[in-house]
Amino acid sequence: MTGDGFSGAIFDVDGVLVDSPHERAWKDSLRELMKGEWADIAPSTSWSPEAFTSQVYQEQMSGKPRRAGALAALRYFGVPDAESRADVYGAHKQDILVKLIEAGDFRAYPDALRFVLACKDVGLRLAAASSSKNAGLFLRQIRLDTFAEQEGLSYDFLTPGLTLLDAFDVDISGRDFAHGKPHPEIFLTAADELGYAPAQVFVVEDAVSGIQAAKAGGMAAVGVSRADDFDALAAQNADIVVRSLDEIDVSALARHELVTK
């Protein structure tokens, strides 16, 4: 990209690029704990399998580092000694998540892969910036060369064996930052490692905390509504909210515009 257009794009992973089993792992883990070693305190909480909804996951946990997400959920459900229990909950969730990933229990969003390919094609430098330490496990299993072939897409940069992880110029996923989202540290670091000022990049996020982080860092933000959260993302002043990244007009990025086709 030249002139005043966007130079880079920063992508969250879970919920943006990949329909991962994070939400399921968090739910299954807390259910197992509440019906197992935490059964004695379960009656004193507001937790139930039915109460742990997708909305709770999106509003309380999505986009946050593991311990912060665990602590947010335990506090939401009024679990006693939440601080001391957060590490146990987070570790149990991680064990479940790894098993789900190894079993291939996830999929990439086709619209996201098309958008990544299109952004690379117009010359944007790309960064993956997820709070999750598991992001790389997903990204390296997703083949862009075979996806492009299936979609009938052809790009000069496609090479045999090219993975989604390979497509990113920078990957800072899973790093330990002093501040988690909604603090902008992770996105500011990604922009810096891409070599651009915050105003030169846009962030693609599906979580309220992620939109907040992008805007706090002085960056444009694309909200992707994968759940029933379109209005919630828009309320955080996302520059544009879409239900599919296919809606974005890639040609307008050269004008520093985030608009639909």
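Colleague: Which residues does His 22 touch, leaving aside those up to four places away in sequence?
Modeller: In this predicted model, His 22 touches Asp 14, Tyr 57, Lys 93, Leu 97, Ser 132, Asn 134 and Phe 138. What makes each of these a contact is a cut-off: heavy atoms have to be within 4.5 Å. His 22 itself is found in helix 1, which covers residues 22-34.

Colleague: Why is His 22 called buried?
Modeller: Its relative accessible area is 4%. Buried means under 20%, so His 22 counts as buried.

Colleague: What makes the link between the side chains of His 22 and Asp 14 a polar contact?
Modeller: The two side chains are joined at 3.5 Å. The limit for a pair of N or O atoms is within 3.5 Å, so this pair qualifies as a polar contact.

Colleague: Ser 244 next. Why does Ser 244 count as buried?
Modeller: Set 18% relative accessibility against the limit of under 20%, and Ser 244 counts as buried. Ser 244 sits in the segment after strand 8. Its side chain reaches the backbone nitrogen of Asp 246, at 3.1 Å.

Colleague: And Asp 81, is that buried or exposed?
Modeller: Exposed: Asp 81 has 51% relative accessibility, and the word applies over 50%. You'll find Asp 81 in the loop between helix 3 and helix 4.

Colleague: What is the word for His 256, and why?
Modeller: His 256 has a relative accessible area of 33%. Buried ends under 20% and exposed starts over 50%, so a value in between makes His 256 partly exposed. His 256, too, belongs to the segment after strand 8.

Colleague: What is there to notice about phi in Asp 81?
Modeller: Phi of Asp 81 is near 55°, a positive value in a residue other than glycine. His 256 isn't a glycine either, and has a positive phi of about 60°. Most residues other than glycine have a negative phi. There are glycines with positive phi as well: Gly 63, just after helix 2, at about 85°, and Gly 78, which follows helix 3, near 65°.

Colleague: How do you know that the peptide bond from Lys 181 to Pro 182 is cis?
Modeller: From omega, which is near 15° there. Most peptide bonds are trans. Pro 182 lies in the loop between strand 5 and helix 8 (185-194).

Colleague: On to the sheet. How do you know that strand 1 and strand 4 pair?
Modeller: Count the bridges: 4 of them join strand 1 (residues 8-11) to strand 4 (residues 125-128). Pairing takes at least two, so these strands pair. They run parallel, and Phe 11 stands opposite Ala 128 in strand 4.

Colleague: How many bridges join strand 4 to strand 5?
Modeller: There are 2, and these strands also run parallel. At least two is what's needed, so strand 4 and strand 5 count as a pair. Here Ala 127 stands opposite Val 170 in strand 5.

Colleague: In what order do the strands form the sheet?
Modeller: It's an open sheet of 6 strands, in the order 5-4-1-6-7-8, with parallel pairing. Strand 5 and strand 8 (240-242) are the edge strands, since each pairs on one side only.

Colleague: Which residues of helix 3 are buried?
Modeller: Gly 69, Ala 70, Leu 71, Ala 72, Ala 73 and Leu 74. What covers them includes helix 1, helix 2 and helix 4 (82-102). In helix 2, the buried ones are Val 56, Tyr 57, Gln 58 and Met 61, and they pack against helix 1, helix 3 and helix 4.

Colleague: Last topic, the largest pocket. Which residues lie nearest its centre?
Modeller: Lys 64, Pro 65, Arg 66, Ser 131 and Ser 132, out of a lining of 26 residues. The volume of this pocket is about 410 Å³. Helix 1, helix 2 (54-61) and helix 3 (66-76) each supply at least two of the lining residues.

Colleague: How do the residues of that lining divide into nonpolar, polar and charged?
Modeller: The split is 6 nonpolar, 10 polar and 10 charged. To place two of the central ones: Lys and Arg count as charged, so Lys 64 and Arg 66 fall in that class.

Key:
Residues are numbered from 1 along each chain as its sequence is written. This is a predicted model: local features need pLDDT of at least 70, side-chain atom pairs count only at pLDDT 80 or more; totals for chains, interfaces and linings use all residues. Side-chain values use heavy atoms; hydrogens and water are left out. Buried means under 20% relative accessible area, exposed over 50%, partly exposed in between (1.4 Å probe, protein chains only). A polar contact is a pair of N or O atoms within 3.5 Å; within protein, one must be able to donate a hydrogen and the other to accept it, and residues adjacent in sequence count only if both atoms are side-chain atoms. On a 1 Å grid over the protein atoms alone, a cavity is a set of points where a 1.4 Å probe fits but cannot get out, and a pocket is an open set with protein on both sides within 12 Å along at least five of seven lines; lining residues have an atom within 4 Å of a point. Grid points are joined across faces, edges and corners, and a volume is the space filled by probe spheres set on the points.
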